[in-house]
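Q: Please take a close look at one short loop in this model and describe it with care. Then carry the account outward from that loop to the other parts of the chain, joining the pieces where they share a residue or an element.

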Amino acid sequence: FDFAELEQTVASTVRLAIQNPVSLYLFFQRYTYFNGYASSMISRLASSISMSRYLFKDSEILINEQADRGMQIADRVMFAAVDEGANGVSHRSLAQATLNTVGDYAGLCVEQRYEYCRVPAWLDEIINGIIQNYQGTPGNIASLIEAMGFHVASEIMGDSEYGLLDKIVRHENKGVGFDSYLNQAYPVKIQGHTYHPWCWVLMHSRHDNSGVEIEHFDRGLEALNLSVKYTNESEEQIVNWAVKGFNKFLELQQRLFREIYREC
């Protein structure tokens, strides 16, 4: 995969959106909507893996009930879902706070924000693709491995996306536009905790370091490696299925940013 080209699609969209406050709101509305579904599907995939009893087994143990290793693999995937509700505040709540702050920056009234919440047909199609490809089918080894490949693609590309957001919005445009607005923004209170409106981005990744996305990616790779260990499938077959799922996510992710670019 040409990651430089993949990142260019993201970067060009963010750089276009930041030129206009309303476009920036549109960008974040679409992006937070997309990520809300991607995050939600992690637990579904973990459930599909753990429900696949005896599909992943330790070959050195003869008794099925004691040999089942599906939950060990599911645990590596579920690690990302648990993080989504870190400190009792969901990432979705933090994303909503960021979106609301961008709406204030753009000076949008409630009615205008409501109009931007209307989901276009192209975004519905992408979300349907996320749901179909992320959850995996219990008991179907090919489907589950493809879904794990889809999952690790979501995490590694998320690390890139959030890092580029932080780089372009707050460092390439330091002291102007939305960065200037954020420097004066009040902290947001959610469930008794106080957060900076930009922390949703920073906890995932930043321009000079990584965040939780890279940790989730590493755990996803562990799940795939355990799949090689605990199935009769060859490593080559596991890799082929995983890469197929990885590519399916990239196709949806690239379409998302191209469509946002077109709207902006």
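**The strand-to-strand loop and its surroundings**

A: In this predicted model, Gln-191 sits in the loop that joins strand E1 (188-190) to strand E2 (193-195). Its backbone is of interest, since phi of Gln-191 is near 50°, a positive value in a residue that is not glycine. Is Gln-191 buried or exposed? Gln-191 counts as exposed because its relative accessible area is 56%, and the cut-off for that class is over 50%.

A second residue invites comparison with this one. Tyr-54 also has a positive phi without being glycine, in this case near 70°, and Tyr-54 lies in the loop between H2 and helix H3 (64-67). Its relative accessibility is 32%, so Tyr-54 is classed as partly exposed.

From the loop of Gln-191 the account can be taken to helix H8 by way of a distance between two C-alpha atoms. Gly-192 and Met-157 are 35 residues apart along the chain, and their C-alpha atoms are separated by 32 Å. Met-157 belongs to helix H8, and with a relative accessible area of 1% it is buried, because burial here means under 20%. Computed along the sequence, Leu-6 is 151 residues from Met-157, yet the C-alpha atoms of this pair are separated by 8.8 Å. Leu-6 is part of helix H1 (residues 3-17), and Leu-6 is likewise assigned to the buried class, because its relative accessible area is 11%.

Helix H8 (141-172) deserves a description of its own. Of its 32 residues, 29 are buried, so that the helix is mostly covered. At 1.5 Å a residue, those 32 residues should span 46 Å, and the C-alpha atoms at the two ends are 45 Å apart, so the expected and computed lengths agree. The N-terminal end of H8 is capped by Asn-140, which places a side-chain oxygen 3.2 Å from the backbone nitrogen of Ala-142.

Helix H2 (21-50) can be described in a parallel way. Its 30 residues should span 44 Å at 1.5 Å a residue, and its end C-alpha atoms lie 45 Å apart, which again agrees. An asparagine caps the N-terminal end of H2 as well: a side-chain oxygen of Asn-20 is 2.8 Å from the backbone nitrogen of Val-22.

H2 and H8 come together in the description of the largest pocket, whose volume is about 330 Å³. Among the 25 residues that line this pocket, those closest to its centre are Asn-35, Gly-36, Ala-38, Ser-39 and Glu-84. At least two lining residues come from each of H2, helix H5 (91-106), H8 and helix H10 (199-204). Which helix gives the most to the lining? That helix is H2, with 10 residues. Sorted by class, the lining of the largest pocket holds 10 nonpolar, 10 polar and 5 charged residues.

Beyond H2, the chain runs through the loop that holds Tyr-54 and on to helix H3. Asn-64 is located in H3, and Asn-64 is partly exposed because its relative accessibility is 36%. Asn-64 and Ser-90 are 26 residues apart in sequence, and from C-alpha to C-alpha they are 37 Å apart in space.

A last point concerns the cysteines, which a bench reader may wish to check. The count of disulfides comes to 0. For Cys-109, the closest cysteine sulfur is that of Cys-117, and at 12 Å it is too far away for a bond, because a disulfide needs the two sulfur atoms within 2.5 Å. Cys-117 is accordingly in no disulfide, its nearest cysteine sulfur being that of Cys-109, 12 Å away. Cys-109 is partly exposed, because its relative accessible area is 34%, and Cys-117 is placed in the partly exposed class because its relative accessible area is 38%.

How values were computed: Residues are numbered from 1 along each chain as its sequence is written. This is a predicted model: local features need pLDDT of at least 70, side-chain atom pairs count only at pLDDT 80 or more; totals for chains, interfaces and linings use all residues. Side-chain values use heavy atoms; hydrogens and water are left out. On a 1 Å grid over the protein atoms alone, a cavity is a set of points where a 1.4 Å probe fits but cannot get out, and a pocket is an open set with protein on both sides within 12 Å along at least five of seven lines; lining residues have an atom within 4 Å of a point. Grid points are joined across faces, edges and corners, and a volume is the space filled by probe spheres set on the points. Helices (H or I, at least four residues) and strands (E, at least two) are DSSP runs, numbered from the N terminus. Ala, Val, Leu, Ile, Met, Phe, Trp, Tyr, Cys and Pro count as nonpolar, Asp, Glu, Lys and Arg as charged, and the others, Gly among them, as polar. Buried means under 20% relative accessible area, exposed over 50%, partly exposed in between (1.4 Å probe, protein chains only). The expected span of a helix is 1.5 Å times one less than its number of residues. A polar contact is a pair of N or O atoms within 3.5 Å; within protein, one must be able to donate a hydrogen and the other to accept it, and residues adjacent in sequence count only if both atoms are side-chain atoms.
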